[in-house]
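Reader: I'm new to protein structures and don't know where to look. Could you walk me through one?

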Amino acid sequence: MRVTSPAPPERWQAAYAADPEAIPYQSPKFTQALCADGVYADASRCYETDDGRTLVLPLVRRRGRPDRLATAGSLPVVMGGLVADGPVSVEDIRAVLGDLAALPFAALRIRPNPRTGALWSEATLNAALRLPRRAHVVPVSRPVENIRSGLSNSIRKSVDRAARNGLEVVWDTSGSKLEVFEELYNRSIERWARRQHEPVSLSRWRMERATRAPTLT
């Protein structure tokens with residue numbers, strides 16, 4: 001494989017768009033947004049195979065440290081793994097792991113898409129430490145009635161109450177609804193504070209700590 005790092009954004013975007021298993025966290029724009037504040041640097045790697053396929057592995061590393069003292073890996077909290085414009089084999093992943101093993105980082109962590117976890121498990125080198133994780137997948141292609149039957153009584157009652165009150169669900173990718181989301185989130189914190197009989201400032205502090213993304217150290 002021929003390797004380019006960081007991955008060229010155009011080739012990365014093309015591989016991401018062509019991969020039916022790709023998730024938003026694997027897009028080049030997500031990594032660009034994560035690196036925008038200067039804490040992380042783009043360490044993604046682009047692999048070009050002999051048969052013309054492109055594989056991209058999203059990676060970031062902490063800035064301000066030499067490679068031998070730095071940790072690199074999949075994006076904090078979220079899933080990563082390869083995106084590709086063609087099928088990915090165990091041999092492909094094994095070649096990628098061989099490339100990563102030769103890098104000078106103090107540690108390197110990969111958290112692949114769980115739907116490709118079996119391939120990564122089969123390809124993992126002996127020198128790698130594997131930590132099992134559980135992922136929950138909801139088959140949204142099922143009829144709504146089937147999904148509803150799996151909900152608890154309290155959730156079904158909440159869904160019915162929302163429908164009676166005319167709740168409208170809007171999907172937005174432009175960012176125009178961020179203010180609405182922030183307002184609803186703040187209302188939720190105030191409601192949680194009342195339930196816990198605690199000051200709103202304390203509830204807000206606790207939620208900020210609970211939702212703060214862990215960092216690569």
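Author: Let's go through a few single residues, then some aromatic rings and a pocket. Keep in mind that this is a predicted model.

Reader: Okay, let's begin with Ser-203. Where is Ser-203 placed?

Author: To place a residue, you look for the helix, strand or loop that holds it. Ser-203 sits in helix α8, which covers residues 200-211.

Reader: And is Ser-203 buried or exposed?

Author: Here you read the relative accessible area, and buried means under 20%. Ser-203 has 2%, so it counts as buried.

Reader: What is Ser-203 in contact with, leaving aside its neighbours within four places in sequence?

Author: The list is Ile-189, Trp-192, Ala-193 and Glu-198. Take Ala-193: it is 10 residues from Ser-203 in sequence, and their C-alpha atoms are 5.6 Å apart in space. With Glu-198 there's a polar contact too, side chain to side chain, at 2.4 Å.

Reader: Can we try a residue in a loop? Where is Asn-113 found?

Author: Look between β8 (107-109) and α4 (117-123): Asn-113 is in the loop that joins them. Being in a loop doesn't settle the burial question here, though. Asn-113 has a relative accessible area of 7%, so it is buried.

Reader: Which backbone atoms does the side chain of Asn-113 pair up with?

Author: A side chain can meet backbone atoms as well as other side chains, and Asn-113 gives two examples. A polar atom of its side chain lies 3.0 Å from the backbone oxygen of Glu-21. The Asn-113 side chain also reaches the backbone nitrogen of Arg-115, again at 3.0 Å. Beyond four places in sequence, Asn-113 is in contact with Glu-21, Ile-23, Gln-26 and Gly-80.

Reader: Let me test myself on Ser-44. Is Ser-44 buried or exposed?

Author: Ser-44 has 0% relative accessibility, so it goes down as buried. You'll find it in the loop between β2 (40-42) and β3 (45-48). A polar atom of the Ser-44 side chain lies 2.9 Å from the backbone nitrogen of Ala-7. Contacts of Ser-44 beyond four places in sequence include Thr-4, Trp-12 and Leu-57.

Reader: Now the rings. How many aromatic pairs are there?

Author: For rings, you check the distance between centres and the angle between planes. The count here is three aromatic pairs. One of them is Tyr-25 with Phe-30, which is edge-to-face, with 5.1 Å between centres and 80 degrees between the planes. An angle over 60 degrees counts as edge-to-face, so that explains the label. Tyr-25 is partly exposed at 36%, and Phe-30 is partly exposed at 30%.

Reader: What about Tyr-185 and Trp-192?

Author: They form an edge-to-face pair too, at 6.4 Å centre to centre and 85 degrees between the planes. Tyr-185 has a relative accessible area of 29%, so it is partly exposed. Trp-192 has 29% as well and is also partly exposed. Add Phe-181, and these residues make one aromatic cluster.

Reader: Last one: what is the volume of the second largest pocket?

Author: About 900 Å³. It has 18 lining residues, and the closest to its centre are Val-169, Val-170, Val-180, Phe-181 and Leu-184. You can also sort a lining by class: here there are nine nonpolar, four polar and five charged residues.

Reader: So Phe-181 turns up twice!

Author: Yes, Phe-181 belongs to the aromatic cluster, and it is among the residues closest to the centre of that pocket.

Technical notes
Residues numbered from 1 in each chain as written. Predicted model: local features only at pLDDT ≥ 70, side-chain atom pairs only at ≥ 80, totals over all residues. Heavy atoms only, no water. Helix = DSSP H or I, 4+ residues; strand = E, 2+ residues; numbered from the N terminus. Buried < 20%, exposed > 50% of the residue type's maximum accessible area, 1.4 Å probe, protein only. Contact = heavy atoms within 4.5 Å. Polar contact = N/O pair within 3.5 Å; in protein donor to acceptor, adjacent residues only side chain to side chain. 1 Å grid on protein atoms, 1.4 Å probe; cavity = no way out; pocket = protein on both sides within 12 Å on 5 of 7 lines; lining within 4 Å. Points joined across faces, edges and corners; volume = space filled by probe spheres on them. Nonpolar A, V, L, I, M, F, W, Y, C, P; charged D, E, K, R; others polar. Phe/Tyr/Trp six-rings, centres within 6.5 Å; stacked < 30°, edge-to-face > 60°.
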